[in-house]
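Reader: I am a first-year student, and I should like to take a close look at one part of this structure, the sheet. Could you please describe how its strands are arranged and what surrounds them?

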Amino acid sequence: MLQRRAVFNTIREWRGKNVLDLGCGVGRFALEFARRGAYVTGIDISEEMIKIAKDNFKRAGLSAQFYVAGIDEMPLLDESFDIVTSITVLQHVTDPDMFLRSARSMLRVTKSHGQILLLEYAPTTPARFPTDTHMAGRSCSEYVATFEGLGAVLTEKRGVMIMKLDDWLTKTVHILRSQHGADRRVHEIKRTSTSKIFRLYRISRKFLIKLSMPFDIHLSPLPLFRNLSDLKLLLFQKEVE
Ligand SMILES: C[S@@+](CC[C@H](N)C(=O)[O-])C[C@H]1O[C@@H](n2cnc3c(N)ncnc32)[C@H](O)[C@@H]1O
């Protein structure tokens, strides 16, 4: 919900734009772009995801081009997109060389003056993960330095989910449950999804996310607040060569 708000508060005009959604998954955002009148192309490394995305578009009566490919090897023409998005995708590209190749490839397919929108786990300071995880833990400044080094200019930066009221609720539930001898992990709470406590937790969480939304939207572009969030939205513009 907050990711959607952040994306559509940052870029408001989608109609008639050629949009490339990288790592489109099942089409969560690609569908929204198409509904707003964009010509959408979706790319994902997973054949299964692309299959589901195609089905979802068919069911919604919308059309898009889909390709199974890695970001670093996109079968797409140079300078063909007005907007290129990577929503929680580059954070999973852990190999530094592949990350650089992917960023280069994104710049290649973006039109001059076109926009590149990243919404990624990008903590203010780098958070290194063990090599067997799927998270790169790249800092926000690493993303900025990479894209600026390749000829893009950062035009907007905001935190997503700065208030984290729902996080506090989750932590409180963990503590209460641990006092009753229950497992403290989130998936354990979810596993007991039929219990009253989980239903109450789910409703309260939704309510808190809604409550924190105005603060998230209006305060998240401000430096003091955006750094409270590890999830960042970065908007770049490709400079003319
Ligand atoms: C967390 S999901 C996000 C999906 C979608 N962007 C969304 O927000 O719903 C990450 C997606 O990126 C895809 N992906 C990961 N690495 C990729 C790569 N190098 N090239 C293309 N897709 C990739 C995965 O298959 C997965 O569908």
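Author: The account below begins with the whole chain, goes through the sheet strand by strand, and ends with the loops and the ligand.

The model is predicted. Its chain forms 9 helices and 7 strands. Of the 241 residues, 33% count as buried. Among contacts between residues at least 6 apart in sequence, 71% join residues at least 24 apart.

The sheet is open and has 7 strands, and its order reads β3-β2-β1-β4-β5-β7-β6, with mixed pairing. At its edges stand β3 (65-68) and β6 (152-160), each of which pairs on one side only. From one strand to the next, the twist averages 15°.

Let us start at the β3 edge. Strands β2 and β3 are paired in the parallel sense, over 4 bridges. Here Gly42 faces Phe66 of β3. Helix α3 packs on the sheet in this region, where it touches β2 and β3, and its direction makes about 165° with that of β3. This helix covers residues 47-60, which is 14 residues, and reaches 20 Å from its first C-alpha to its last, close to the 20 Å expected at 1.5 Å a residue. After α3 comes Gly61, with a positive phi near 70°.

On its other side, β2 meets β1. These two strands run parallel and are joined by 5 bridges. The bridge partner of Asp21 in β2 is Gly42, the residue that also stands opposite Phe66 in β3. How many residues of β2 are buried? The number is 5 of 6, so β2 is largely enclosed by the rest of the structure.

Now consider the other end of the sheet. Strands β5 and β7 run antiparallel and share 7 bridges. One of the paired positions is Ile116, whose partner in β7 is Phe236. Strand β7 also pairs with β6, again in the antiparallel sense, over 8 bridges. There Gly159 is placed opposite Lys232 of β7. Like β2, strand β7 is mostly covered, with 7 of its 8 residues buried.

A further helix, α4, belongs in this picture. It has 14 residues and reaches 20 Å from its first C-alpha to its last, close to the 20 Å expected at 1.5 Å a residue. Its buried residues are Phe99, Ser102, Ala103, Met106, Leu107 and Val109. In an α-helix there are 3.6 residues a turn, so residues three or four places apart point the same way. With that in mind, one may follow Phe99, Ser102 and Met106 along α4, which are among its buried residues. Against what do the buried residues of α4 pack? They pack against the strands β1 (18-22), β4, β5, β6 and β7 (231-238), and against helix α5 (140-149).

Two residues deserve attention for their backbone angles. Thr88 is not a glycine, yet its phi is positive, about 50°. This residue lies in the loop between β4 (81-87) and α4 (96-109). Thr88 counts as partly exposed because it has 16 C-beta neighbours inside 10 Å, whereas a buried residue needs 20 or more. His113 is likewise not a glycine and has a positive phi, of about 70°. Its place is within strand β5 (residues 110-121). His113 counts as exposed because it has 10 C-beta neighbours inside 10 Å.

The loop between β1 and α2 contains Cys24. Is Cys24 buried or exposed? It counts as buried, because 28 C-beta neighbours lie inside 10 Å. Leaving aside neighbours within four places in sequence, Cys24 is in contact with Ala30, Gly42, Ile43, Asp44 and Ala53. Gly42 thus appears once more, here as a contact of Cys24. Cys24 and Ser46 are 22 residues apart along the chain, and their C-alpha atoms are separated by 9.6 Å.

Finally, there is the ligand. It is surrounded by 17 residues, of which the closest are Gly23, Gly25, Arg28, Ile45 and Ser46. Two elements give two or more residues to this shell, namely α2 (28-35) and β2 (39-44). By class, the shell holds 9 nonpolar, 6 polar and 2 charged residues. Strand β2 therefore has two roles in this description: 5 of its 6 residues are buried, and it gives two or more residues to the shell around the ligand.

Terms used. Residues are numbered from 1 along each chain as its sequence is written. This is a predicted model: local features need pLDDT of at least 70, side-chain atom pairs count only at pLDDT 80 or more; totals for chains, interfaces and linings use all residues. The expected span of a helix is 1.5 Å times one less than its number of residues. A residue is near a molecule or strand if its C-beta atom, placed from the backbone, lies within 6 Å of it. Ala, Val, Leu, Ile, Met, Phe, Trp, Tyr, Cys and Pro count as nonpolar, Asp, Glu, Lys and Arg as charged, and the others, Gly among them, as polar. A residue is buried if 20 or more other C-beta atoms lie within 10 Å of its own, exposed if 12 or fewer, and partly exposed in between; C-beta atoms are placed from the backbone. Two strands pair if DSSP finds at least two bridges between them. Axes are lines fitted to C-alpha atoms, for helices over the stretch in contact, and angles run from 0 to 180 degrees between N-to-C directions. Two residues are in contact if their C-beta atoms, placed from the backbone, lie within 7 Å.
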